[in-house]
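Thanks for making time this morning. I would like to walk you through one model, beginning with a single residue and then widening the view to a sheet and a whole chain.

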There are 2 protein chains.
Amino acid sequence: MKELEFVKYLTHKFRAGPGVVRGIGDDCAVLKYTKDRYMLLTCDMIIEGTHFTKKTIPYQIGWKAMAVNISDIASMGGIPKYALVSAGISRNKDMKFLKEIVRGMDAISRKFGVNIIGGDTNASGKTVVNVTLLGEVEKKCLITRNGAKAGDLIFVTGALGEGAVKHLKFFPRLKEARILVKNFKINSMIDLSDGLAMDLNRVARASNVGARVYESLLPLPASLRGRPGRRAEAIFVGEDFELLFTASIKESKKIMKRMGEKNDLPVTLIGEVADKRLGVILVGEEGRTKQLRRKGFSHL
Amino acid sequence: MKELEFVKYLTHKFRAGPGVVRGIGDDCAVLKYTKDRYMLLTCDMIIEGTHFTKKTIPYQIGWKAMAVNISDIASMGGIPKYALVSAGISRNKDMKFLKEIVRGMDAISRKFGVNIIGGDTNASGKTVVNVTLLGEVEKKCLITRNGAKAGDLIFVTGALGEGAVKHLKFFPRLKEARILVKNFKINSMIDLSDGLAMDLNRVARASNVGARVYESLLPLPASLRGRPGRRAEAIFVGEDFELLFTASIKESKKIMKRMGEKNDLPVTLIGEVADKRLGVILVGEEGRTKQLRRKGFSHL
């Protein structure tokens, strides 16, 4: 069974009710909240054997479980506030293992202003941690993945292709997201949890558009530079947790101007939003194009 | 590691911040929300091998995962509203397995007015389902587990000792909870997820009181009646998901009057709240007393 199929099935089955601004299908659900703010809600589960290994140090399990959720709130333009944590831990693990998970979670929660307000612990064969995160966003700052428009330029934060190395200790792009939504008109945004190919296709599908990205523009980390064969890592490997966003050319110029003036917005232009008929394509360095399939890290 | 130790550790580590009315340590966390309502938040994870078996039919896994959370909202006097669901499913399972989980969850959600607004699916060796439920409660209707007062009478809904049989298909006592909080002054309430002994001790500890319950008053199901040795099941076996609540004698009289008039409040008086020095004791049918230890279904 494919995750996409399942999400489609859920979206169909659970129609949003009153009070629900956006239900299943984006990085967060959006609820009515106060006069000028929406509530954002997201949950992510990480499981031993899927998202980390038996040998992963528990501090990093705690860090990552919270980080992936903060990244979801960031990608909608919001601020994380409250978290609920459920954990399944083997009876063989000692108190120290669990405390180390809590210590990692506590460290990142403090850095990002998250208040852990509830929890549930259970016996489990393998370690599993679920975090549910509540956030809020000013109505005018809410960004969804379905607002990309043909002609928009496409940007990503940071570098791509480091997921395999940094997924256990990454720093969610909350600060950058807030700078973007508070200073510019961003049309769509998503976090790259499952790789550029998969997540750009999600934006394209949700927005009913196509996209063209240029291989030569992809920001590669030093470790991948000069190894063209490794570009695939920047495209198909997930867990980068960088932000991908689109904005009109006019807004993009403002964004690039700001980048030149201040040093707090490490973003790179990688392509443009196009008509739906184009599909989602990658333009190679030699000019040849190929369709970017929805291939990448699938959760099922 | 014991769950109680861990919860104590968490409670100490995570002090409630602004906006948090009650943090870790009750059935739900309580947040400021609107002028006259609080928001309730709870999460519960159920795991194959701990809360259900490999053979449990998936419809019942879905039902139970949602039911335990609705029960938590009920025990605080609230109404469930929105749910986020995370699931870990084996790659060997087919789409039908997952759809059946969703069907069970959907069935109970419709009955109780819950709107599923988000989800996350993952590959996992064993099946694991986490539900986070948001609810709301009128400020004057909020009931916590720490309000029991010496002299209160103790009641439970339904019958005790059926957890092993009904835990996969139980009907959360939401209707009864709402009748109680809207019509009477309830001092404390908890749902019996881990057995009478464990959960009554939780109320006693949180409220800084003792309690005395009478073995002869315990409402046993037909299946356990006349089998005195099996009383232990009503006391130490968890997953009954009945409500235990306390109220002053004056309010208790009103509750009992109402029970005589209408047929919608199946509650039974089982004992009384006492001074802390008494501890939590069970009075046997022959009059002998014994301490009820915090023994029961522990999650770790």
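Let me start with a question: does Phe241(B) count as buried or exposed, and how many C-beta neighbours lie inside 10 Å? Please keep in mind while you look that this is a predicted model. Phe241(B) counts as buried, because it has 26 C-beta neighbours inside 10 Å, and the cut-off for that class is 20 or more. Its place is in the loop between helix H7 (231-236) and strand E10 (243-247) of chain B. What drew my attention to Phe241(B) is its backbone, since phi is near 55°, a positive value in a residue other than glycine. As background, most residues other than glycine have a negative phi.

Asn208(B) also has a positive phi, near 60°, and again the residue is not a glycine. Asn208(B) sits in the loop that lies between helix H6 (196-207) and strand E9 (210-214) of chain B. Here, however, the surroundings are another matter: Asn208(B) has 12 other C-beta atoms within 10 Å and is therefore exposed, given that the limit for exposed residues is 12 or fewer.

Let me turn now to chain A, in which there are eight helices and 13 strands. Seven of these strands form an open sheet with mixed pairing, and their order is E8-E10-E7-E11-E9-E12-E13. At the edges of that sheet stand strand E8 (188-191) and strand E13 (289-291) of chain A, and because each has a single partner strand, one side of each is left without a neighbour in the sheet. Neighbouring strands of this sheet are turned against each other by 25° on average, if direction is ignored.

Looking at one edge in detail, E8(A) and strand E10 (residues 243-247) of chain A run antiparallel and are joined by four bridges. Within that pair, Ile190(A) stands opposite Leu244(A) in E10(A). Helix H2 (residues 58-75) of chain A packs on the sheet, where it touches E8 and E10 of chain A, and the direction of the helix makes about 175° with that of E8(A).

Finally, the chain as a whole. Chain A has a radius of gyration of 19 Å, which agrees with the value near 19 Å for a compact globule of 300 residues. Of those 300 residues of chain A, 55% count as buried. Among the contacts in chain A with a separation of 6 or more, 83% are between residues 24 or more positions apart.

Technical notes:
Residues are numbered from 1 along each chain as its sequence is written. Chains are lettered from A and ligands numbered from 1 in the order in which they are written. This is a predicted model: local features need pLDDT of at least 70, side-chain atom pairs count only at pLDDT 80 or more; totals for chains, interfaces and linings use all residues. Two strands pair if DSSP finds at least two bridges between them. Helices (H or I, at least four residues) and strands (E, at least two) are DSSP runs, numbered from the N terminus. Axes are lines fitted to C-alpha atoms, for helices over the stretch in contact, and angles run from 0 to 180 degrees between N-to-C directions. Two residues are in contact if their C-beta atoms, placed from the backbone, lie within 7 Å. The radius of gyration is taken over C-alpha atoms; the globule rule is 2.2 Å times the number of residues to the power 0.38.
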